[in-house]
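Biologist: Please give me a close look at one part of this model, and tell me how that part sits within the rest of the chain.

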Amino acid sequence: MTKLIFMGTPDFSATVLKGLLSDDRYEILAVVTQPDRAVGRKKVIQETPVKQAAKEAGLPIYQPEKLSGSPEMEAIMNLGADGIVTAAFGQFLPSKLLNSMDFAINVHASLLP
């Protein structure tokens with residue numbers, strides 16, 4: 001079984017995460033998503049769709065404001081994942097993180113040829 005870290009934020013990303021969770025070939029060790037943000041006129045704090053999906057699945061969730069140099073990045077690197085799957089995460093992934101994995105895949109929603 002391939003051990004993965006999933007990184008994403010919007011609805012599209014949540015769909016990708018759910019797809020990975022339904023496949024027995026993958027074990028999602030943790031999810032990384034953007035921090036919860038205030039939304040709307042009343043500035044109500046709203047969880048990202050990926051965080052909601054991760055909570056439903058009982059997965060550990062990391063929400064660093066900036067991944068580079070954060071304690072969360074060190075924790076993620078120590079989880080023993082084989083690779084990273086990103087889908088509309090919204091932050092650059094530091095080379096140090098990428099180099100600590102066997103592979104990294106970026107899923108993109110574009111329909112361009």
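Modeller: Happy to. Let's start where helix H2 ends: Gly58 follows H2 and has a positive phi, near 70 degrees. Helices (H or I, at least four residues) and strands (E, at least two) are DSSP runs, numbered from the N terminus. Keep in mind that this is a predicted model: local features need pLDDT of at least 70, side-chain atom pairs count only at pLDDT 80 or more, and totals for chains, interfaces and linings use all residues. Residues are numbered from 1 along each chain as its sequence is written, while side-chain values use heavy atoms, with hydrogens and water left out.

Within H2, the buried residues are Val50, Lys51, Ala53 and Ala54; buried means under 20% relative accessible area, exposed over 50%, and partly exposed in between (1.4 Å probe, protein chains only). These residues sit on the same side of H2 because they cover an arc of only 165 degrees around the axis, the arc being that of the directions from the helix axis to the C-beta atoms. That buried set packs against strand E1 (2-8), helix H1 (11-21), E2 and strand E5 (61-62), where contact means heavy atoms within 4.5 Å.

Lys51 deserves a second look. A salt bridge here is a side-chain nitrogen of Lys or Arg within 4 Å of a carboxyl oxygen of Asp or Glu, and this rule gives six of them. One pairs Asp36 with Lys51, with the closest N and O atoms 2.8 Å apart. This pair ties together distant parts of the chain, 15 residues apart: Asp36 lies in the loop between strand E2 (26-32) and strand E3 (37-39), and Lys51 in helix H2 (residues 49-57). Asp36 is partly exposed at 24% relative accessibility, whereas Lys51 counts as buried at 12%. Lys51 also forms a salt bridge with Glu47, whose closest approach between N and O atoms is 3.9 Å; Glu47 is partly exposed at 25%.

Elsewhere, Glu74 and Lys96 meet in a salt bridge of 2.9 Å, N to O. This pair too links distant parts of the chain, with Glu74 in helix H3 (residues 71-77) and Lys96 in helix H4 (residues 95-99), 22 residues apart. Both partners are partly exposed, Glu74 at 34% and Lys96 at 47%. Back around H2, salt bridges that share partners join Asp36, Glu47, Lys51 and Lys55 into one network.

E1, which H2 packs against, leads us on to strand E6. E1 and E6 run parallel and are joined by five bridges; strands count as paired if DSSP finds at least two bridges between them. Val85 in E6 is the bridge partner of Phe6. E6 also pairs with strand E7 (residues 103-107), again in the parallel sense and over five bridges, with Ile84 opposite Ala104. Five of the five residues of E6 (residues 83-87) are buried, so the strand is largely enclosed by the rest of the structure. In a regular strand the side chains alternate between the two faces of the sheet. In E6 both faces are covered, with Gly83, Val85 and Ala87 buried on one side and Ile84 and Thr86 on the other.

For the wider setting, the chain has four helices and seven strands, in the order β-α-β-β-β-α-β-α-β-α-β. Buried residues account for 38% of its 113 residues.
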